[in-house]
Amino acid sequence: MKRWLDYLIMNQRDARPRWYIRLLAPIYQQRGVGSKIYRSVRMDTPPYRNFSLGKRSVIESFCCINNAVGDVIIGDYTRIGIHCTMIGPVTIGNHVNLAQGIVVTALNHHFKDTTLRIDEQGISTKPITISDDVWIGANAVILPGVTIGKHVVVAAGAVVTKDVPDNCIVGGVPAKKLKDLNSQIV
């Protein structure tokens with residue numbers, strides 16, 4: 001029964017909800033007051049997972065949002081920049097700014113068995129959490145299982161493979177702490 005229902009909801013070849021499910025998206029997606037999703041955004045959000053966009057938050061053009069393997073929760077006053085990709089499970093806090101071309105993916109493919117093709121070996125997910133007041137620079141990559149603390153700057157082009165503490169700047173491949181930020185108001 002579950003396979004049949006999944007077939008009715010998801011186009012297996014295209015790995016996205018069927019057109020008639022996408023028409024119903026405004027009914028099952030949670031969108032806050034004053035939020036905006038540009039028309040060119042690819043919303044691969046089937047109804048059996050949560051998608052939530054907080055108040056006054058924006059998802060800019062040519063992004064891809066996918067919650068097929070885990071919920072995508074985006075807080076208030078958050079901006080997802082042009083051409084970002086987000087694959088759940090992902091939780092993003094309030095007042096977060098993602099620049100252009102960022103990849104946030106909690107999904108990984110298994111590949112250890114050399115007798116099988118990679119697409120036959122399955123996937124795993126590890127949730128990503130991006131806390132409040134974070135700025136992520138252009139073309140950064142946030143990998144599965146990472147938690148980014150509050151008041152953090154991730155430099156452009158960084159590949160974040162490990163948790164990031166509060167109040168710092170990280171950058172590089174893999175990302176390392178570059179500087180502590182003073183959290184006191186001057």
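Colleague: Is F62 buried or exposed?

Modeller: This is a predicted model, in which local features need pLDDT of at least 70, side-chain atom pairs count only at pLDDT 80 or more, and totals for chains, interfaces and linings use all residues. Residues are numbered from 1 along each chain as its sequence is written, and side-chain values use heavy atoms, with hydrogens and water left out. Buried means under 20% relative accessible area, exposed over 50%, and partly exposed in between (1.4 Å probe, protein chains only). With a relative accessible area of 54%, F62 is exposed.

Colleague: Where is F62 found?

Modeller: Helices (H or I, at least four residues) and strands (E, at least two) are DSSP runs, numbered from the N terminus. The phi of F62 is positive, near 65 degrees, and F62 is not a glycine. Its place is the loop between β7 and β8 (64-66).

Colleague: What is the phi of N139?

Modeller: N139 sits in the loop between β18 (134-136) and β19 (141-142). N139 is not a glycine, yet its phi is positive, at about 60 degrees.

Colleague: What is the strand order in the open sheet of 6 strands?

Modeller: Two strands pair if DSSP finds at least two bridges between them. Pairing in this sheet is parallel. The edge strands, each pairing on one side only, are β3 (30-31) and β20 (147-148). The order is β3-β6-β9-β12-β17-β20.

Colleague: Which residue in β9 stands opposite L53?

Modeller: Strands β6 (residues 51-53) and β9 (residues 72-74) run parallel, joined by 3 bridges. Opposite L53 in β9 stands I74.

Colleague: What is the pairing in the open sheet of 8 strands?

Modeller: The strand order is β4-β7-β10-β13-β18-β21-β23-β24. At the edges, β4 (36-37) and β24 (176-180) each pair on one side only. The pairing is mixed.

Colleague: Which residue in β10 is the bridge partner of I59?

Modeller: Strand β7 (residues 58-59) runs parallel to strand β10 (residues 79-80), with 2 bridges between them. The partner of I59 is I80.

Colleague: What contacts does H95 make beyond its neighbours within four places in sequence?

Modeller: H95 lies in the loop between β12 (90-92) and β13 (97-98). H95 is partly exposed, at 46% relative accessibility. Contact means heavy atoms within 4.5 Å. By that test, the partners of H95 are D76, Y77, T78, D133 and V134.

Colleague: Which residues does D44 form salt bridges with?

Modeller: A salt bridge is a side-chain nitrogen of Lys or Arg within 4 Å of a carboxyl oxygen of Asp or Glu. The closest N and O atoms are 3.2 Å apart for D44 with R16. D44 lies in strand β5 (residues 42-44) and R16 in strand β2 (residues 16-17), so the pair ties together parts that are 28 residues apart in sequence. For the other salt bridge the closest N and O atoms are 2.8 Å apart, so the partners of D44 are R16 and R42.

Colleague: Is D180 buried or exposed?

Modeller: D180 forms a salt bridge with K177 (3.2 Å, N to O). K177 is partly exposed, at 47% relative accessible area. At 51%, D180 is exposed.

Colleague: How many disulfides does the structure hold?

Modeller: A disulfide is a pair of cysteine sulfur atoms within 2.5 Å. For C63 the nearest cysteine sulfur, that of C84, is 4.7 Å away. For C64 the nearest, that of C63, is 8.7 Å away. The number of disulfides is 0.

Colleague: Which helix gives the most to the nonpolar patch?

Modeller: Patches use residues with over 30% relative accessible area and no salt bridge, like charges being joined within 9 Å and nonpolar side chains (Val, Leu, Ile, Met, Phe, Trp, Tyr) within 5 Å. Accessible areas come from the Shrake-Rupley method with a 1.4 Å probe; for residues, only the protein chains shown count as cover. W19, Y20, L23, L24 and I27 form the patch, with about 590 Å² of accessible area together. With 3 residues, the leading contributor is helix α2.

Colleague: What is the omega of the peptide bond from G88 to P89?

Modeller: P89 lies in the loop between β11 (85-87) and β12. The bond is cis, with omega near 5 degrees.
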